[in-house]
Amino acid sequence: MPHESAPLPLHTRRSHFDPADELRGIAADGPVTRVSLAPGAGDSPLWLVTGHGEVRTVLGDHVRFSTRRRFGSRTPAGAADERPDEGVGLLMDYDPPEHTRLRKMLTPEFTVRRMRRLQPRIEAIVAERLDAMEHAGQPADLAGLFASAVPGPVLCELIGVPRDDRDDFLRRCHAHLATGGDRQERTAAGSAFTRYLAALVARQREDPDEGFLGMLVRDHGSEFTDKELRGICILLMLAGLDNISGMLGLGALALLENPAQLALVRDDPAALDRAVEELLRYLSVPHAPTPRTAVEDVTLGGRLIRAGDTVVCSIPLANRDPALTAEPDRLDLTREPVPHVAFGHGIHHCIGAALARMELRVAYAALLGRFPGLRLAVPVRDVEFRVRSTAYGVERLPVAW
């Protein structure tokens, strides 16, 4: 008997580029709604926040809305050793003071100036992937050959994974992060992935290079534990793989469906900064940041959220809120940038945002420059979307040029 996939959690449901109609209906009833996000969740108090202002309030208030408390409300501040091993070093699961300590040491490595050191390698990686796509011939799967093939090597370059190790490292990483498939295989891949990172950290401890890990070891030494360094690498992979591949694939599709908008970017590379911001807002590939737990009773959007209740913020709905910008459902690459929440907000605002923006600019510019006649090779209705993931995207995107 064929296995039936479980229904998608409510907050992850999409319709093409848009939030699903049922999510639209929830948002129409108010910016904060009590919901059940998944079948079988029961009556556990859970709130979906959809208004842009309300989402920024939750994400910007780590005192009343905690990420730590999902590990258990009795975990004292600073008790990193009481976390499950897989949670050590994952900034998105930390509250101050632990978060403050780690973020302060990491932030200098993610400045725009530091990220620019990577730009030549990013350009080379993008060019290599476009060569592979061109060599594959028409029609080519832009999702598999380009959108999903760029982020992994870029992250390996950042972390410092030697080039000879990258294919195996990324294979294990993807298998570990996969949402389907055999659990034993995922566990085995996860163990191999973690062992490799542990060995990489040990090598950097012994002989630090000029890369990301080497600089952290050189500048901060024992201020980081080995588990924290390993967890930071895992966080970068978690945040950087599906989000960037989703943006590259969906962004290409959105441009191909809007030829006039595509021409704006192709013909004027100076327009890319603004275009990337609008694509980030319009597409909103992350469904939601880490759920928060209310630490105390809070009134938000006219609703009383009790201490201990779980709060989930919808990134797509917040970024399509009419209170944020006029005609939010229209893609407009000439739109003045607005304070979207595609990278989150507050102390958990994505630490790699500068890298992500640069990667997207380089990739979009190179794609459209290499293939000025890029077009879909199948009807739009036949495009396959990636739905069972932490970030929305396209599964396959056949194109010609």
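Visitor: How many residues does helix 13 have, and how far does it reach from its first C-alpha to its last?

Guide: Helix 13 covers residues 272–283, which makes 12 residues. In this predicted model, the helix reaches 16 Å from its first C-alpha to its last, close to the 16 Å expected at 1.5 Å a residue.

Visitor: Is helix 13 largely enclosed by the rest of the structure or largely open?

Guide: Here we look at burial, and buried means under 20% relative accessible area. In helix 13, 10 of the 12 residues are buried, so the helix is largely enclosed by the rest of the structure. Among them are Leu 272, Ala 275, Val 276, Leu 279 and Tyr 282. Charged side chains can appear on such a list too: Glu 278 and Arg 281 are also buried residues of helix 13.

Visitor: Which elements do the buried residues of helix 13 pack against?

Guide: Their partners include helix 11 (226–257), helix 12 (259–267) and helix 15 (353–370). Helix 14 (315–319) is another partner, as are strand 1 (14–15) and strand 2 (18–19).

Visitor: Let me compare two residues. Is Glu 277 buried or exposed?

Guide: Glu 277 lies in helix 13, and its relative accessibility is 14%, so it counts as buried. Leaving out residues up to four places away in sequence, Glu 277 touches Pro 337, His 340 and Arg 357.

Visitor: And what does Arg 274 touch?

Guide: Arg 274, also found in helix 13, touches Leu 333, Thr 334, Arg 335, Glu 336 and Pro 337, again not counting residues up to four places away in sequence. Arg 274 has 33% relative accessibility, so it counts as partly exposed. For a sense of distance, the C-alpha atoms of Arg 274 and Pro 208 are 38 Å apart, with their positions 66 residues apart along the chain.

Visitor: What is the phi of Ser 284, just after helix 13?

Guide: Start with the general idea: most residues other than glycine have a negative phi. Ser 284 has a positive phi of about 45° although it is not a glycine. Ser 284 lies in the loop between helix 13 and strand 7 (292–294), and it is buried, with a relative accessible area of 0%. His 16 also has a positive phi, near 60°. His 16 lies in the loop between strand 1 and strand 2 and, at 26% relative accessibility, counts as partly exposed.

Visitor: Where is the peptide bond cis?

Guide: Again the general idea comes first: most peptide bonds are trans. The bond from Pro 96 to Pro 97 is cis, with omega near 5°, and Pro 97 lies in the loop between strand 5 (65–66) and helix 3 (98–106). The bond from Gln 138 to Pro 139 is cis as well, with omega near -5°. Pro 139 is in the loop between helix 5 (119–136) and strand 6 (140–141).

Visitor: How many cavities of 30 Å³ or more does the structure hold?

Guide: The structure holds 1, with about 30 Å³ of space in the largest cavity. Its lining includes Val 58, His 62, Phe 65, Asp 95 and Arg 292. By type, the lining residues divide into 4 nonpolar, 3 polar and 2 charged.

Visitor: Where is confidence lowest and highest among the elements?

Guide: Helix 4 (residues 112–115) is lowest, at a mean of 83, and helix 2 (residues 52–60) is highest, at 98. For the protein, the mean pLDDT is 89, and 91% of its residues reach 70 or more. Over residues 71–84, pLDDT stays under 50.

Methods
Residues numbered from 1 in each chain as written. Predicted model: local features only at pLDDT ≥ 70, side-chain atom pairs only at ≥ 80, totals over all residues. Heavy atoms only, no water. Helix = DSSP H or I, 4+ residues; strand = E, 2+ residues; numbered from the N terminus. Expected span 1.5 Å × (residues − 1). Buried < 20%, exposed > 50% of the residue type's maximum accessible area, 1.4 Å probe, protein only. Contact = heavy atoms within 4.5 Å. pLDDT = per-residue confidence, 0-100. 1 Å grid on protein atoms, 1.4 Å probe; cavity = no way out; pocket = protein on both sides within 12 Å on 5 of 7 lines; lining within 4 Å. Points joined across faces, edges and corners; volume = space filled by probe spheres on them.
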